[in-house]
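Biologist: I have some labels to check. Please take me through the reasoning behind each one.

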Amino acid sequence: MKQILYAIVFVILGMSNTQAQIKGDWTGTLDYQGTAIAIIFHLTETDGKVQGTMDVPLQGAVGIPLSVVTFENKQLVLSIEQAGIKYSGKLENGKITGTYTQGDAKLPLILENKVITKPGDTTLVSTKEQLATLIALDKGNFKYQVEDYFAKPKLSGFQLSPNGKYISYREKDDKNKRHVMVKEVATGKVIRAIEEKNELIRGMGWINDDRLVYVMDQGGNENYHLYAINIDGTNNIDLTPFENIQASILNMLKEQKDFIIIQMNKDNKQVFEPYKVNIQTGVMEKLFTNEDPANAIVGYEFDKDGNLRGYAKMQNGINSQFFYKPQGATNFELFHTTKWDETFSVVSFNYASKNSDEAYVLTNLDSDKSRIVLYDLKNKKILREIYANEEYDANLISLSRKRNWEIDFVGYEGEKIIIKPVSETFKKIYKNLESQFKGYEFSIAGKTDNEDQLLVVVQSDKLYGRYYHYDTKSGKATLLVDLMPQLKEEDMAVMRPITFKSRDGMTIHGYITLPKVALDGKKVPLIVNPHGGPQGIRDSWGFNPETQLFASRGYATLQVNFRISGGYGKEFLRAGFKQIGRKAMDDVEDGVQYAIEQGWVDKSNVAIYGASHGGYAVLRGLEKTPDLYKAGVDYVGVSNIFTLMSSIPEYWKPYKEMLYEIWYDLDNEDEAAIAKEVSPIFHIDAIKSPLFVVQGANDPRVKIAEADQIVKALRDKGVDVPYMVKYDEGHGFGKEENQIEFYKAMMGFFSKHLH
């Protein structure tokens, strides 16, 4: 019963003269060890034959074909032999009351005939009127409104064409649609290349001087398709016109301007395979077959000419095997086997060398922190170290294609991003930019093939961002756009890097954003904001619209890079394995104590808000330390580790053993007990603070059932739980109007519960 309804079965529906009585959508809920599992049967009649499908939303299983249903004398019997499942029930008064059997488990299951138009339990969702009442609580003489922080910029996403003749960008219209525009630099002429309609354009970029690529899914379901279009809006084609697939770009192939290399899970939903695609015609060629889903290939290394040189393969879910084909060899050979959490990745082959097996590699195989080395892949030896840092993972390197692939800069992210110029050309550029933008972070967002023009983004903790067009010959930077001119730097809050010791002696880093009154010595309410992931993700210094919004309402924001966060070395990462909800939460709580000891915050006014794993941390925090937090906001968060693991997308399944190493091995009795101990759904009685739950209905990672079950359970014990669901969103809201409504409601919620 550990894998409930795991088999895809085919059931032939039996016919009867009363078949009209069972047509429609039949829904019911299994209660298995405290977990609510919704079952939906869709029964239809076509050409006199009854057909049907089954949905198990918690597992992301939709449209499973059914067979063998008998319905006689109002008795319905479903038999799913391959899964050892049987259901028998009797139709009375519009309901079918019966028993669901799988293995040794026998569970009552009542099916009701309902029209299903939306996922999840729609009866739990707060009404528009209830949410409007919550929003109205955000009252005060505020200089800035929620829209000032979360309305998308009028102009954004600037990119240079390879030849520098054009600049593309996103332009928002009065209906919040963000179209892709192309401007001819010499004439200033602007045309709309891509019109954004119902679905969001999730990303776009230049393939060559005449053609763009862009990405869309459906309602946030993360089944991304790749499209190519001419800059005048003609020849718009779906490069990946397949159902229920996810595609992404692997290589742009600068040397073959009409081709790109992509990967997608077309032939097997669990694994991704590479294809070379003609971006003019859509014709594609599979370049390699991922034959073993149980030990899936999870990364491909192509060179600039489109040759597959190596690939990384999962072994038993917890090891990584790298296969490499030296120049001149005919077969791929096993290069080495490492733990999945160790790093050995080819950043780029060294095209300046006569040795075609020479590459820049990011590795921590012989160190705690990742470092950049020049490596001979044929002879398996380090030629020299390029860059390393004692405290942080060194992972930034930029090469000049124009200047025979010399290194322009290296760097790392510590408290802030640190860049070390290397080439003489880039040293001059960097020095010039540093003099023009002193006190700010600046980064190269794009460059032409000739590297005579650059796009530079300038930011800080108080500046959202400005784009500049930089001429490398004259050294002149011309302002293209201030992304958020309505937000004045002098009004924004400072984000301070912090460092403290955890209760067991680990050094923990993070950030605190403080409103001005806190700098003047007043103790203010605190919002704790754990990041998502949790593994390998980290919070960073810079402008954060969320923390700035909170500061405008008088709240400080604490962001802790707890153990398992990325950028601090593999031992820090590993220190968080099997500590989610335990020592990882202790680190967050120790950060709260540190902020209190500094005199910044009012210890009686602390709330917690987070998304994804951060949403899980909200729920866990409310039940682990119920007296610490006055309120919580759970945004697309996990409430039950068991249902999280049983409902992962198909393309995550090769990583299941890895997830067990990070979280908990649910097949191990002791670890399953810990997982239950740290799954908030099993400790509802400990939660006493108000909670606001927010969910995207189409979320493929954290299913809506995760939110439904926590809302229902808490409301049943009298906890105040407003519940916002958006039916056109997935794992986080992408549409501007939904984001703004969410943040307005959250501000009302915090205004009600933080004083």
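What follows is a short exchange on how certain labels were reached.

Modeller: Keep in mind that this is a predicted model.

Biologist: Why is Gln739 called buried?

Modeller: Its relative accessible area is 14%. Buried means under 20%. Gln739 is therefore buried. The residue lies in helix 13, residues 736–753.

Biologist: What does the side chain of Gln739 reach?

Modeller: The backbone oxygen of Phe733, at 2.9 Å. The cut-off for a polar contact is 3.5 Å, so this pair is within it.

Biologist: Which residues does Gln739 touch, leaving out those up to four places away in sequence?

Modeller: Phe150, Lys152, Phe733 and Gly734.

Biologist: Now helix 5. Why is helix 5 described as largely enclosed by the rest of the structure?

Modeller: Helix 5 spans residues 545–552, and seven of its eight residues are buried, so the description fits. The buried residues are Pro545, Glu546, Thr547, Gln548, Leu549, Phe550 and Ala551.

Biologist: What makes Asn544 a cap for the N-terminal end of helix 5?

Modeller: A side-chain oxygen of Asn544 lies 2.9 Å from the backbone nitrogen of Glu546. Set that against the 3.5 Å limit, and the pair counts as a polar contact.

Biologist: Which residue follows helix 5 with a positive phi?

Modeller: Gly554, with phi near 90°.

Biologist: Where does UniProt place the "Peptidase S9 prolyl oligopeptidase catalytic" domain?

Modeller: At residues 541–754, according to an unreviewed entry. Over that range the chain is 43% helix and 15% strand. The end C-alpha atoms are 26 Å apart.

Methods
Residues numbered from 1 in each chain as written. Predicted model: local features only at pLDDT ≥ 70, side-chain atom pairs only at ≥ 80, totals over all residues. Heavy atoms only, no water. Helix = DSSP H or I, 4+ residues; strand = E, 2+ residues; numbered from the N terminus. Buried < 20%, exposed > 50% of the residue type's maximum accessible area, 1.4 Å probe, protein only. Polar contact = N/O pair within 3.5 Å; in protein donor to acceptor, adjacent residues only side chain to side chain. Contact = heavy atoms within 4.5 Å. UniProt positions renumbered as here; feature names shortened; annotations may be inferred.
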